Amino acid sequence: MKLSAHFGVLAVKIFRRSEVSSELDEELRSHIAHRADDLERSGLPRAEAERRARIEFGGFQGYREASHEALGAHFLETLLQDVRFALRVLRKSRGFTFAAVVTLALAIGANAVVFGILDALVLRPLHVPHAENLWGIENTDGSGWQSYPNYLDLRDRNRSFEDLAAIKMTFVGLDTGNDPAPATGWATTGNYFDVLGIHPYLGRVFHAGDEHGPNSAPYIVLSYTYWHSRFQDDRSVIGRTVMLNKHPFTIIGVAPRDFGGTLLFIPAAFFMPIVNQEQVDGENILNARGINNREVFDMLGRLKPGVTPAQALRDLNSIHAQLEKTYPREVDHNTFTLGHPGLYVFARPAGAFVAGLMLLAGLILLAACANLGSLFAAHAADRSRELALRLALGSTRIRILRQLLTEAIVISLAGSAAGLLGSIALLRRLSTWQPFSQAPIQIPVTPDAKIYIVALLLALVSGFLFGMVPVRQVLKVNPYEVVKAGAGSRLGRRITARDVLLVFQISICAVLVTSSLVAVRGLVRGMHSNYGFDPQDTLTVGANLAMAGYVGDKIPAMQRRMYDALQTVPGAERVGLVNNYPPLVNTAANSENVFKDETRDFSQSNVAAVPFRFEISPGYLGASATTLLIGRDFTWRDDKSEAAVALINREFSSVLFGTVNNAVGRHFRLQDGTSVEVVGVVENGKYLSLTESQQPAMFLPVLQTPPSPLSTFVMRSHRDPEELAAAIRRNLRKLDQGLVLDTQTWKGLLDVVLFPARVATMALGVLGAMGAMLSITGIFGMAAYSVSKRLKELGIRVALGAHRREVLAAALGRAIKLLLLGSAAGLLFGVLATRVLASIVYQATPRDPLVLAGVVLAMVLLGLVATWIPAQRALSVDPMVLLREE
Amino acid sequence: MTDQAQILPGTLDLLILKAVSLGPLHGYGVLLRIGQISDSALLIEQGALYPALFRLVRQGLLKASWGTSDNNRRAKFYELTAAGRKRLREEADGWNRLVTAMAAALATRPEEV
């Protein structure tokens with residue numbers, strides 16, 4: 001039979017189901033009537049004859065079902081019947097259904113959300129053609145930083161890539177006439193779009209042929225999103241000139257709708273040729289090769305056909321080894337790896353974290369299934385009378401199991417649908433969420449079809465999982481006994497599957513509670529640890545002087561004027577300047593090689609330490625509340641005409657000079673050979689991330705370092721930050737109307753470094769709460785069930801003079817024992833599992849008495865909450881009432 | 001009733017085909033006819049007839065149509081199709097061969113070995 005014809009027949013059968021069914025009924029009834037006619041003829045009264053005929057016919061329902069199947073009543077038809085019946089049963093026990101659906105909705109919802117994030121961040125490739133063939137080149141440390149001359153060498157000398165493109169982030173003021181506003185631009189090599197295979201939505205993109213040396217290609221390509229929001233989809237923008245940091249650029253095109261660059265977190269507003277970067281950055285990066293000039297954020301390209309990633313890596317590494325030999329002072333040792341662009345440095349931690357979350361969410365689902373499994377088993381036990389009757393009336397066990405399974409699946413589908421709706425709403429909000437006001441960072445999650453499939457699969461799997469729990473129970477049912485003796489008067493003393501499930505579920509819950517407490521504790525410590533500065537009562541004022549047109553020597557002069565202007569702001573207590581960003585801000589600290597003073601060969605093998613490098617003005621130490629341990633602060637006389645000086649932290653001094661007291665007056669050398677005198681030692685601190693181990697750091701005076709247009713002033717003040725910011729703006733605008741200022745509290749800026757810990761804490765907190773809820777319902781269900789089943793026994797105990805304590809022990813002893821067992825197991829696993837957290841959460845150690853005590857307390861509380869009502873019920877047993885009723 | 005035998009699995013179909021081959025019958029009639037031709041020696045539960053009947057219809061060995069019975073009741077009548085007739089012949093042959101072989105085997109006396 002052709003498949004279509006088969007389906008046709010099937011459809012007819014389904015739609016004509018009632019017809020078929022009534023015809024069948026009529027035929028069977030006709031049989032009984034004929035038999036009754038015969039019996040009547042033999043002398044029985046009509047009523048008796050009909051009764052006998054029915055008995056002789058046998059199990060009517062059973063034969064009816066068997067006939068239906070013999071007629072070719074299909075799987076689907078039985079399914080419909082089962083579903084209808086399931087809905088009827090579930091409607092009858094609303095409380096059970098509600099609890100089950102909500103439990104599953106939460107569990108499946110959590111899984112769907114985590115999967116959505118996993119999909120967006122880890123699984124989904126970029127929106128470029130053949131993303132699987134696009135490789136980013138990463139350094140040993142996982143970053144992509146490279147100097148532009150190194151990039152050129154790698155691009156031109158490799159034999160493995162079709163072509164290599166490079167990108168650099170640039171944050172500029174974009175002015176379409178009289179409305180300068182900050183925008184995130186990507187300075188890319190001319191071949192960028194061709195390497196990716198991206199064609200413009202509008203106008204054209206730039207190509208390698210557009211580059212004719214520095215500042216030769218003043219073109220920009222807008223991203224679709226930016227074109228939409230800033231230019232309101234105006235198609236006439238092509239050809240218009242806009243000002244980027246006061247330099248004219250021509251808009252030549254708009255990129256396709258779903259292309260925001262090759263970095264998932266930071267979507268580009270526009271793309272510009274990297275050869276023009278000097279105009280927007282204020283300094284030229286195209287010629288310097290040094291390790292401190294690694295301004296190219298990332299290189300990416302496609303492999304030639306037939307070239308394997310391993311071959312390409314050998315190729316790249318051998319070129320790099322040659323560069324190392326040729327430029328020993330500039331190029332340090334490095335081994336490349338290839339990765340898919342999109343997340344870069346974050347790929348590994350983000351992947352690990354999301355995978356960890358997925359695991360925890362999976363555990364939640366398992367716990368939910370365990371919970372529902374025992375609910376279901378209890379439900380089936382309560383229905384054992386009904387099941388026994390159905391068996392007695394000729395239904396088969398398979399049929400009954402199928403029916404129970406259908407109920408389970410109906411519940412899990414309903415729960416999954418509810419969970420999916422919730423999770424999609426959540427993911428939508430997540431995708432529009434900008435966690436940091438000052439950084440253009442986004443979490444690009446867009447739920448797609450995959451998430452529906454995952455939710456459906458999860459629903460089916462979990463439905464089967466918990467639906468199978470009562471199987472053994474059903475197979476064991478002896479209809480005769482149950483109908484005779486009444487349901488469930490025996491409560492097994494043995495360890496049942498339900499007990500195992502409960503212990504399992506409680507231990508999962510304890511794992512989750514442990515991890516979330518560890519995360520919370522880590523976050524609290526992270527927020528209150530010693531950073532080496534005090535972010536309280538401190539405002540930062542960021543200004544990119546390049547946006548206002550300052551370059552070269554104009555920068556330090558302007559910085560000094562701004563510094564003086566800030567001193568006069570009412571309420572300003574201390575003011576200091578730091579080039580680029582202060583420590584722990586935007587995870588953007590620089591580091592530099594230093595050498596011992598006696599070193600003359602500045603090749604990478606002689607590097608004595610790689611401290612973080614901050615360029616600060618006099619007053620910065622006071623403004624940031626960094627303690628000077630010994631020596632002196634900088635003064636404005638520490639400029640180019642004086643000998644080079646530096647402040648170092650305690651770690652640096654112990655690495656290079658042994659002790660703090662030894663350090664002052666000693667010298668070390670920078671990468672360029674400059675001998676620098678240490679004039680003071682400051683306390684240790686955190687510089688790039690909270691989880692870093694103690695790192696060396698040095699502070700150089702701004703007047704002795706090359707001018708940097710990106711300036712951050714730090715102001716310590718007890719004034720209200722809002723008012724203070726307004727006063728600061730007024731004072732600084734007097735100097736230059738065109739200054740683009742960004743005022744933030746330092747504490748607010750720390751959000752970025754605390755972000756992973758916050759997210760981890762939030763996620764684990766939510767999962768922990770869900771786990772706790774599940775175990776409450778689990779224990780509650782178990783305790784309530786055992787109390788209700790043993791009311792009679794408890795009544796007898798009370799009648800015989802048992803004390804409250806003994807009644808409680810009898811009623812709840814088992815539940816409490818299971819709870820203890822589960823908690824202990826969970827705590828153990830939790831302690832092991834939190835190692836995973838260590839990379840995200842500051843000082844995530846489970847061997848913290850507070851955490852351990854917290855977990856124990858939490859589990860005790862859960863136990864109390866969950867057993868409270870059953871305990872009350874057990875204690876209020878009135879033996880008279882009970883014994884009379886039975 | 002003690003000399004009634006439970007019918008062997010698989011033989012019900014054959015009995016039904018045989019019963020219907022003697023003329024169109026409704027379900028109860030099939031039952032009576034089987035009782036009649038087997039001298040009430042074979043016992044089947046009445047309801048068990050129907051799944052078997054429907055299976056045969058589905059296999060195309062029987063065809064069914066509604067009619068009126070002698071009792072003046074609506075009933076569904078079954079008759080053999082050509083395929084049914086062929087199947088009956090084959091199955092009956094097979095059955096007879098088996099019976100002959102079994103009977104011969106069971107009738108074997110010691111001196112014949």
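In the predicted model, strand 17 of chain A is joined to strand 20 of chain A by two bridges, and the two strands run antiparallel. Within this pairing, A:Leu647 stands opposite A:Phe699 of strand 20. Strand 17 of chain A also pairs with strand 19 of chain A, here in the parallel sense and over five bridges. In that second pairing, A:Ala646 has A:Val678 of strand 19 as its bridge partner.

Strand 17 of chain A, which spans residues 645-649, is mostly covered, five of its five residues being buried. In a regular strand, side chains alternate between the two faces of the sheet. In strand 17 of chain A, A:Val645, A:Leu647 and A:Asn649 point one way, whereas A:Ala646 and A:Ile648 point the other way, and all are buried.

The loop between strand 19 (675-682) and strand 20 (697-701) of chain A contains A:Asn684. This residue counts as buried because 21 C-beta neighbours lie inside 10 Å, the threshold for burial being 20 or more. Beyond its neighbours within four places in sequence, A:Asn684 is in contact with A:Gly532, A:Asn649, A:Arg650, A:Glu651 and A:Gln694. One of these partners, A:Asn649, belongs to the set of strand 17 residues that point the same way as A:Val645 and A:Leu647. Another, A:Gly532, is 152 residues from A:Asn684 in sequence, yet the two C-alpha atoms are 5.5 Å apart in space.

Over chain A as a whole, 29 helices and 22 strands are found. Of the 886 residues in this chain, 45% are buried. Among contacts in chain A with a separation of 6 or more, 83% are accounted for by residues 24 or more positions apart.

In chain B, three strands form an open sheet in the order 2-5-4, with antiparallel pairing. Strand 2 (25-26) and strand 4 (62-68) stand at the edges; each has a single partner strand, so one side of each is left without a neighbour in the sheet. The pairing of strand 2 with strand 5 of chain B is antiparallel and comprises two bridges, with B:His26 opposite B:Phe77 of strand 5. Two helices of chain B lie across these strands. Helix 1 (residues 11-21) lies across strand 2, strand 4 and strand 5 of chain B, at about 100 degrees to strand 5. Helix 3 (residues 49-58) lies across strand 4 and strand 5 of chain B, and runs at about 120 degrees to strand 4.

Strand 5 of chain B (residues 74-80) includes B:Lys76. This lysine is buried because 20 other C-beta atoms lie within 10 Å, and 20 is the lowest count that qualifies as buried. The C-alpha atom of B:Lys76 is separated by 5.5 Å from that of B:Ser65, a residue 11 positions away along the chain. With neighbours within four places in sequence left aside, the contacts of B:Lys76 are A:Glu27, B:His26, B:Gly27, B:Ala64 and B:Trp66.

The contact between the two chains takes 19 residues from chain A and 17 residues from chain B. On the side of chain A that touches chain B, the elements giving two or more residues are helix 2 (17-41), helix 3 (46-57) and helix 4 (60-70) of chain A. Helix 2 of chain A gives the most, with eight residues. By class, this side of chain A has eight nonpolar, seven polar and four charged residues.

Key
Residues numbered from 1 in each chain as written. Chains lettered and ligands numbered in written order. Predicted model: local features only at pLDDT ≥ 70, side-chain atom pairs only at ≥ 80, totals over all residues. Contact = placed C-beta atoms within 7 Å. Helix = DSSP H or I, 4+ residues; strand = E, 2+ residues; numbered from the N terminus. Nonpolar A, V, L, I, M, F, W, Y, C, P; charged D, E, K, R; others polar. Buried ≥ 20, exposed ≤ 12 C-beta atoms within 10 Å, placed from the backbone. Pairing = 2+ DSSP bridges. Axes fitted to C-alpha atoms, helices over the stretch in contact; angles between N-to-C directions.
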